[in-house]
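Thanks for coming. Please have a look at the sequence and the structure on the screen, and then I will go through a few places in the chain.

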Amino acid sequence: ETVNACNARCPMCTIADWQRNPPTMKEDLFRKIADEIIGHGDEVQRVSLYRDGEPLLDKKLPHRVAYLKNGGVKATSISTNVALLDERRGRDLLEAGLDMIILSIDSLDKETFENIRVRLKFEEVLENALRYIEMRDRIYPESKIYMRMIRQESNLNEWPSYEAYWRPKLQAHDR
């Protein structure tokens, strides 16, 4: 991951245990790692630019995706809580060649969502996700979108309605 910070405080996350500095990877370290990956491009199926943090906190993320793609990396991906996926970031990522994105939205109920994704606003996240899907369809339709709901006690019975809401908005190669 290129950033190990997050804008949310979800109860299922271990962010309180993180003891890593600095929060954003320096460019020279990124280039060193990326160049090594590019040198083994025939063996690498996908570079996932995330782990625990919110990758959209990295202001250089579209540039980093483009660097890997221009170097011959077959596929790149991120997972996001969607709160920072505004129109500019979405367009920049798609134009950079982001091949897959996981949109983590744990509920379609505002109260349940905001109790799980603490510090995030349900309406903004939903609007960002819907706009990103529309932009993806125009800019880079081959890019995949995975909708992720971390099932837990508070949203356990929501899966059928969650799937029914998202499935018609997605392409056949999405999940």
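R119 sits in the loop between α4 (110-116) and α5. Keep in mind throughout that this is a predicted model. Is R119 buried or exposed? R119 counts as exposed, because its relative accessibility is 58% and the cut-off for exposed is over 50%. The backbone of R119 also deserves a look: phi is near 90°, a positive value in a residue other than glycine. As background, most residues other than glycine have a negative phi.

There is another residue of this kind. V82 has a positive phi of about 80° although it is not a glycine. V82 belongs to the loop between β2 (76-80) and α3. With 0% relative accessibility, V82 counts as buried, whereas R119 counts as exposed.

Back to the loop between α4 and α5, where V118 is also found. V118 is partly exposed, because its relative accessible area is 33% and the partly exposed range runs between the 20% and 50% cut-offs. Which residues does V118 contact, leaving aside neighbours within four places in sequence? They are N7, A8, R9 and P11. For a distance, take V118 and A16: they are 102 residues apart along the chain, and their C-alpha atoms are separated by 14 Å.

That contact list leads to N7, which lies in the segment before α1. N7 is buried, at 18% relative accessible area; the cut-off for buried is under 20%. The side chain of N7 makes a polar contact with the side chain of N81, at 2.9 Å. Not counting residues up to four places away in sequence, N7 touches E54, L57, N81, A83, L84, V118, R119 and L120. So R119, where I started, is on the list for N7.

Next is C6, also in the segment before α1. C6 counts as buried at 17% relative accessibility. Its contacts, leaving aside neighbours within four places in sequence, are I15, W18, E54, L57 and N81. If you compare the two lists, E54, L57 and N81 appear for C6 and for N7. The C-alpha atoms of C6 and N115 are separated by 16 Å, and these residues are 109 residues apart along the chain.

N4 is in the segment before α1 as well. N4 counts as buried, with 13% relative accessibility. N4 and R64 are 60 residues apart along the chain, with 16 Å between their C-alpha atoms.

Now the nonpolar core. As a general point, nonpolar side chains tend to be buried together in soluble globular proteins. Here the largest nonpolar core has 45 residues, and I105 and W166 are those with the most contacts inside it. Which elements give two or more residues to this core? They are α1 (27-39), α2 (61-70), α3 (87-96), β3 (100-104), α5 (122-139), β4 (144-148) and α6 (159-166). The most comes from α5, with seven residues.

Take I105. Leaving aside neighbours within four places in sequence, I105 is in contact with V82, F113, V125, A129, M147, R148, M149, Y162 and W166. V82, the buried residue with the positive phi, is therefore one of the contacts of I105.

W166 is found in helix α6. W166 counts as buried, at 2% relative accessibility. Not counting residues up to four places away in sequence, W166 touches I105, L108, L126, A129, L130, I133 and M147. W166 and M147 are 19 residues apart along the chain, and their C-alpha atoms are separated by 7.7 Å.

A buried residue need not be a nonpolar one, and D99 is an example: D99 counts as buried at 12% relative accessibility. D99 has its place in the loop between α3 and β3. Leaving aside neighbours within four places in sequence, D99 is in contact with K69, K74, A75, T76, Y140, E142, S143 and K144.

Last, the empty space. The largest pocket has a volume of about 350 Å³. Of the 21 residues that line this pocket, C13, R51, D52, R117 and R148 are the closest to its centre. How does the lining divide by residue type? There are nine nonpolar, six polar and six charged residues. R148 is also among the contacts of I105.

That is the end of my part.

How values were computed. Residues numbered from 1 in each chain as written. Predicted model: local features only at pLDDT ≥ 70, side-chain atom pairs only at ≥ 80, totals over all residues. Heavy atoms only, no water. 1 Å grid on protein atoms, 1.4 Å probe; cavity = no way out; pocket = protein on both sides within 12 Å on 5 of 7 lines; lining within 4 Å. Points joined across faces, edges and corners; volume = space filled by probe spheres on them. Nonpolar A, V, L, I, M, F, W, Y, C, P; charged D, E, K, R; others polar. Core = buried A, V, L, I, M, F, W, Y, C linked by side-chain atoms within 4.5 Å. Buried < 20%, exposed > 50% of the residue type's maximum accessible area, 1.4 Å probe, protein only. Helix = DSSP H or I, 4+ residues; strand = E, 2+ residues; numbered from the N terminus. Contact = heavy atoms within 4.5 Å. Polar contact = N/O pair within 3.5 Å; in protein donor to acceptor, adjacent residues only side chain to side chain.
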